[in-house]
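Subject: Handing over the structure

Hello,

Here is the structure I promised to pass on. Please open it first, then read my notes below.

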Amino acid sequence: MTMRQIFTKLWKNISPVMYTSGMLFAHYTSFDKPSENEKLKLDPPDIKKLTHEYMIKQSALDAANSATQALTVTYMAIIDLSVAYRILLNELISLLEETIIHNVNDAHWDLIVEVRNEMQDKKEKITRLVTYMDYVHKMAVASAELSYMCEMDSLTSTLQQRIEDALSKVKAETYNNTELERTYWRIQEQCIKGSKEDIEKQ
């Protein structure tokens, strides 16, 4: 076999490998050097959002949102506890009325003590929340004033309305609780008088 035939045969054997390598190399080059359309475009930061005025307004907005959330959570808690409190208070009134009409056993008195303790626990929680509401109210008013100073009139108006609504609802719950408590005190007074009369008869 001549030297020319040997080189021809070798060339035929290695040419597919070189072709494949060439294809891989071309693909690799394309991956490393993307076109302009494929490059990531990073937006530069908005300079307007880096001013002191913008950051103060953003802080005022965050404060208003926090105040609104605190108002909502607090008055909803007061409403829920007040409803539970009045349920217990009505139950206690009914139990006391039965003691006036009938001679009740020790189990009945034990139930009265149990309900009274639960009622007292609810009342203490309501009292703490009402005190907490005073501080939330002050925070909300300060947030509204800050929003006004930042010339966010719409936000100021909305926050003021939220404050008025929250205080109105808390006031209504407090009034309902007080009115039912007066009924309870009258029934309790009758029970005490009845107990004294029974003792005197004995």
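Buried residues make up 23% of the chain, which has 202 residues. Please keep in mind that this is a predicted model.

**Overall layout**

The chain has four helices and zero strands. From start to end, the pattern reads α-α-α-α. Among contacts with a separation of 6 or more, 80% join residues 24 or more positions apart.

**Confidence**

The mean pLDDT of the chain is 80. Of its residues, 71% reach 70 or more. Helix α3 has the highest confidence, with a mean of 95. Helix α1, residues 3–32, has the lowest, with a mean of 42. Over residues 6–32 the pLDDT is below 50. That stretch has one contact in the model beyond near neighbours in sequence. Where pLDDT is low, the predicted coordinates should not be read in detail.

**The cores**

Which residues touch the most other members of the largest nonpolar core? They are L71, Y75 and M133. This core has 19 residues. Helices α2, α3 and α4 each supply at least two of its residues. Helix α2 gives the most, with eight residues. Apart from this core lies another, of 16 residues. Its members include L89, L92, V115 and I187.

Y75 deserves a line of its own. Leaving aside neighbours within four places in sequence, Y75 is in contact with M133, A166, K169 and V170.

**Three buried positions**

Start with T74. T74 is found in helix α2, which spans residues 52–101. Is T74 buried or exposed? T74 has a relative accessible area of 2%, so it counts as buried. Beyond four places in sequence, T74 is in contact with L129, Y132, M133 and V136. M133 thus comes up again: it is one of the residues that touch the most other members of the largest core.

Next is I163, in helix α4. Its relative accessibility is 7%, under the 20% cut-off, so I163 is buried. Not counting residues up to four places away in sequence, I163 touches L71, H137, A140 and V141. I163 and T72 are 91 residues apart along the chain. Their C-alpha atoms are separated by 9.3 Å.

Then look at S147, in helix α3. S147 counts as buried because its relative accessibility is 0%. Which residues does S147 touch, not counting those up to four places away in sequence? They are A60, A64, M152, L155 and T156.

**A partly exposed serine**

S94 sits in helix α2. Its relative accessible area is 36%. Buried means under 20% and exposed means over 50%, so S94 is partly exposed. S94 and Y184 are 90 residues apart along the chain. Their C-alpha atoms are separated by 9.4 Å.

**The loop between α3 and α4**

Helix α3 covers residues 106–149, and α4 covers 153–201. E151 lies in the loop between them. Is E151 buried or exposed? E151 has a relative accessible area of 64%, over the 50% cut-off, so it is exposed. The phi angle of E151 is near 65 degrees. That is a positive value in a residue other than glycine.

**Cysteines and rings**

How many disulfides does the structure hold? The count is zero. A disulfide is a covalent bond between the sulfur atoms of two cysteines. C150 has a relative accessible area of 9%, so C150 is buried. C191 is buried too, because its relative accessibility is 12%.

The count of aromatic pairs is also zero. One charge does sit over a ring: K138 lies over the face of Y135. The distance from the ring centre is 5.4 Å.

**Where to look**

For a quick tour, begin with L71, Y75 and M133 in the largest core. Go on to E151 in the loop between α3 and α4. Finish with K138 over the face of Y135.

Best wishes

Definitions and conventions:
Residues numbered from 1 in each chain as written. Predicted model: local features only at pLDDT ≥ 70, side-chain atom pairs only at ≥ 80, totals over all residues. Heavy atoms only, no water. Buried < 20%, exposed > 50% of the residue type's maximum accessible area, 1.4 Å probe, protein only. pLDDT = per-residue confidence, 0-100. Contact = heavy atoms within 4.5 Å. Phe/Tyr/Trp six-rings, centres within 6.5 Å; stacked < 30°, edge-to-face > 60°. Lys NZ or Arg CZ within 6 Å of the ring centre and 35° of its normal. Disulfide = S-S within 2.5 Å. Core = buried A, V, L, I, M, F, W, Y, C linked by side-chain atoms within 4.5 Å.
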